Amino acid sequence: MTDKLENKFLDKPFRISVAPMMDWTTRDYRVFARLFNPHVWLYSEMVTTGAIIHGDKARHLDFNTSEQPLVLQLGGSNPKDLALCSKIAQDWGYSEVNLNVGCPSDRVQNNKIGACLMAEPELVAECIAAMQHAVDIPVTVKHRIGIDDQQTYEDMLNFVDTVAQTGCNHFIVHARIALLKGLSPKENREIPPLRYNDVYHLKQDRPHLFVEINGGIQTLQQTQEQLQQVDGVMMGRAAYHDPYMLAQCMTLWQQTPPDRFDIMQQFMPYIERRLSEGAPLSIITRHILGLFQHLPGARKWRQALSGNNAKTLADVEQALTEMQERLYAATHCFVAD
Ligand SMILES: Cc1cc2nc3c(=O)[nH]c(=O)nc-3n(C[C@H](O)[C@H](O)[C@H](O)COP(=O)(O)O)c2cc1C
């Protein structure tokens with residue numbers, strides 16, 4: 001890291017966060033992710049207002065205190081319901097509430113949730129105003145740079161300006177448009193090209209807003225480069241498939257990244273507790289497959305823990321010991337993965 005960057009990080013508040021990801025950023029993943037870095041902000045999976053109001057609140061909202069700072073991401077477009085759920089989130093102990101205006105799935109579009117709301121900035125503003133009125137914790141918005149027939153920078157600026165009139169000042173921008181007709185959610189994360197410049201322009205044009213960029217950011221170096229343009233970086237798939245990059249980000253706070261094996265030693269008692277609660281081991285091990293990404297032996301680690309290959313905690317310990325031996329050998333002689 002250059003001196004210029006170090007100074008910038010010391011001078012200016014910045015934020016690194018792990019994106020909300022349905023079925024991926026579960027409680028188990030979040031407890032694991034937290035061990036890599038105490039500073040990054042973690043997000044829940046999106047929870048709809050209907051699920052909170054009519055469903056099992058504890059199942060949707062419970063978290064471990066170690067996960068903090070933790071944001072609850074809400075899906076919905078009814079201001080009253082969103083206000084109620086924001087209040088519930090605050091009382092539950094969340095640090096922040098975020099409204100999802102980026103998800104392109106058909107299922108959510110039919111319920112007026114997600115990216116389709118970019119076509120209705122006034123409604124989003126009404127929702128955010130109601131949420132802010134209900135709570136003291138910050139309310140933020142995660143959105144796209146555009147959708148189907150609103151793809152220009154000016155369209156996005158109009159969306160942000162309309163919502164910012166409520167006093168909302170933190171926008172997380174996925175730097176891709178979402179094509180709501182024709183592309184699947186997965187394709188909508190891959191096919192529309194990344195337009196980082198639109199997000200940089202937003203920061204330049206509205207310097208008083210806290211602008212966090214999202215989409216395709218995979219390494220510490222890319223994170224550092226983004227922080228020269230914007231206030232925050234949100235990482236999704238990379239933080240899931242290669243969680244150690246969160247540890248590498250410790251250097252942004254002038255701190256040393258923790259060791260992978262120390263992280264696992266801290267995670268083992270959590271796995272043990274979850275097993276004693278009746279959780280199947282595989283729903284926890286699926287989140288730790290990427291721990292040794294890019295290192296020799298990473299494939300064998302993944303194989304040992306994939307599916308139901310590991311049946312007991314002892315199997316996880318065994319995989320860890322073998323990984324340690326492989327890494328030791330690899331530093332002394334060549335070992336094929
Ligand atoms: C499996 C999966 C589930 C996702 N679920 C959500 C979600 O619940 N809410 C949301 O705002 N974005 C969701 N996203 C989008 C991510 O938050 C993020 O915007 C996207 O993956 C781009 O960032 P990345 O390139 O760093 O992964 C999901 C992405 C993935 C891969």
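A pocket, on a 1 Å grid over the protein atoms alone, is an open set of points where a 1.4 Å probe fits, with protein on both sides within 12 Å along at least five of seven lines; lining residues have an atom within 4 Å of a point. Grid points are joined across faces, edges and corners, and a volume is the space filled by probe spheres set on the points.

This is a predicted model, where local features need pLDDT of at least 70, side-chain atom pairs count only at pLDDT 80 or more, and totals for chains, interfaces and linings use all residues. Residues are numbered from 1 along each chain as its sequence is written, and side-chain values use heavy atoms, with hydrogens and water left out.

**Exercise 1. Describe the second largest pocket.**

Start with volume: the second largest pocket holds about 530 Å³ of space. Next, find its centre. Of 24 lining residues, T26, R27, E45, R59 and H60 are the closest to it. Then list elements. Helices (H or I, at least four residues) and strands (E, at least two) are DSSP runs, numbered from the N terminus. At least two lining residues come from each of α2 (27-34), β2, α4 (57-61) and α13 (260-276). Finally, sort by class. Ala, Val, Leu, Ile, Met, Phe, Trp, Tyr, Cys and Pro count as nonpolar, Asp, Glu, Lys and Arg as charged, and the others, Gly among them, as polar. The lining has eight nonpolar, five polar and eleven charged residues.

**Exercise 2. Repeat this for the largest pocket.**

The volume is about 920 Å³. There are 38 lining residues, and P20, M21, M22, K142 and R189 are the closest to the centre. Strand β2 gives the largest share of the lining, four residues. The classes are 16 nonpolar, 13 polar and nine charged.

**Exercise 3. Trace the barrel and a helix outside one pair of strands.**

Two strands pair if DSSP finds at least two bridges between them. Eight strands close into a barrel, in the order β1-β2-β3-β4-β5-β6-β7-β8, with parallel pairing. From one strand to the next, the twist averages 30°. Take one pair: β1 (residues 15-18) and β2 are joined in the parallel sense by two bridges. Within it, V18 has L42 in β2 as its bridge partner. Now add helix α5 (residues 79-92), which lies across β3 (70-75) and β4 (96-101) and runs at about 160° to β3. Here axes are lines fitted to C-alpha atoms, for helices over the stretch in contact (heavy atoms within 4.5 Å). Angles run from 0 to 180 degrees between N-to-C directions.

**Exercise 4. Which residue forms a salt bridge with R15?**

A salt bridge is a side-chain nitrogen of Lys or Arg within 4 Å of a carboxyl oxygen of Asp or Glu. The structure holds 13. The partner of R15 is E96, with the closest N and O atoms 2.9 Å apart. E96 is in β4 and R15 in β1, 81 residues apart, so the pair links distant parts of the chain.

**Exercise 5. Find two backbone exceptions.**

Most residues other than glycine have a negative phi, and most peptide bonds are trans. D23 is not a glycine, yet its phi is positive, about 75°. D23 sits in the loop between β1 and α2. The bond from Q68 to P69 is cis, with omega near -5°. P69 sits in the loop between α4 and β3.
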